[in-house]
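Subject: A structure for you to look at

Hello,

Here is the structure I promised to pass on to you. Please have a look at it first, and then read on for my notes.

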Amino acid sequence: MTQNKNIIKYSLLEAFLKSAQEKDIPSLVLIYGESFLVKQTFKIMSCFILEKDKQKFALEILEGGTVSMGDIIEQVSTFSFLVSKKVVAVKNIPLFQTQKNSTDISFSSSDLDRLMDFIVKGIPKNHYLILTTSLVDKRKKIYKTIADKGLIIDCSVAQGARKADQDEQNAVLQTIAD
């Protein structure tokens, strides 16, 4: 199996951003895995895309379980009068979850198809969509579309008892403690 160049581990993000220029960053980013690492990665990505002083005007955060797919697409497609760049972040988006709370909005297959069509047609220039979630299903068509057209940052931590898994767990704990 070949490694997709659009999928990187959280530990390689700093090196990727140092070597990448702003034009190399796709307008779609999916961040998944451990919540602490997802938050840190989101902060790093949003600061890389936007200057810190413009974040309050150019960054819009939506909660995934309470917003519809139409609202997400509309927010990304809407141009801002104040800034040239716009980042729409959808936190905890339920793209891959099958069980939902009765109060959360779940995405139907037609919603996912709308999102995939939007991704394939292209996100407007200088607009970015950052999606965060805890779990992904790499077999789903939406995952493959995001991997093809965007950037996926894997913030998952190995859960096993092997030496390599425990070393990775200890490294993450050390990062959190620092």
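To start with, what percentage of the 178 residues of the protein count as buried? The answer is 43%. Please keep in mind that this is a predicted model, so the values here are computed from it.

Now for the overall layout. The protein has 7 helices and 6 strands. If you walk along the chain from the N terminus, the elements come in the order β-α-β-α-α-β-α-β-α-β-α-β-α. Among the contacts with a separation of 6 or more, 80% are between residues 24 or more positions apart. The accessible surface of the protein is about 10,500 Å², and carbon and sulfur atoms hold 52% of that.

Next, the sheet. It is an open one made of 6 strands, with parallel pairing, and the order across it is β1-β6-β2-β5-β4-β3. At the edges sit β1 (7-9) and β3 (59-63), each of which pairs on one side only. From one strand to the next, the twist averages 20°.

Strand β6 is a good place to zoom in. It covers residues 151-155, and 5 of its 5 residues are buried. Leu151, Ile153 and Cys155 point one way from β6, while Ile152 and Asp154 point the other way. On one side, β6 pairs with β1 in the parallel sense over 3 bridges, and there Ile7 stands opposite Ile152. Strand β2 (residues 28-33) also pairs with β6 in the parallel sense, over 5 bridges. In that pairing, Leu30 stands opposite Ile152.

Elsewhere in the sheet, β4 (residues 86-91) and β5 (residues 127-133) are parallel partners over 5 bridges. Lys86 has His127 in β5 as its bridge partner.

Lastly, a word on cysteines. How many disulfides does a search of the whole structure find? The count is 0. As for how covered two of the cysteines are, Cys155 is buried because its relative accessible area, 0%, is under the 20% cut-off. Cys47 has a relative accessible area of 30%, which lies between 20% and 50%, so Cys47 counts as partly exposed.

I hope this helps you find your way around. Do write back with any questions.

Best wishes

How values were computed
Residues are numbered from 1 along each chain as its sequence is written. This is a predicted model: local features need pLDDT of at least 70, side-chain atom pairs count only at pLDDT 80 or more; totals for chains, interfaces and linings use all residues. Side-chain values use heavy atoms; hydrogens and water are left out. Two strands pair if DSSP finds at least two bridges between them. Helices (H or I, at least four residues) and strands (E, at least two) are DSSP runs, numbered from the N terminus. Axes are lines fitted to C-alpha atoms, for helices over the stretch in contact, and angles run from 0 to 180 degrees between N-to-C directions. Buried means under 20% relative accessible area, exposed over 50%, partly exposed in between (1.4 Å probe, protein chains only). A disulfide is a pair of cysteine sulfur atoms within 2.5 Å. Contact means heavy atoms within 4.5 Å. Accessible areas come from the Shrake-Rupley method with a 1.4 Å probe; for residues, only the protein chains shown count as cover.
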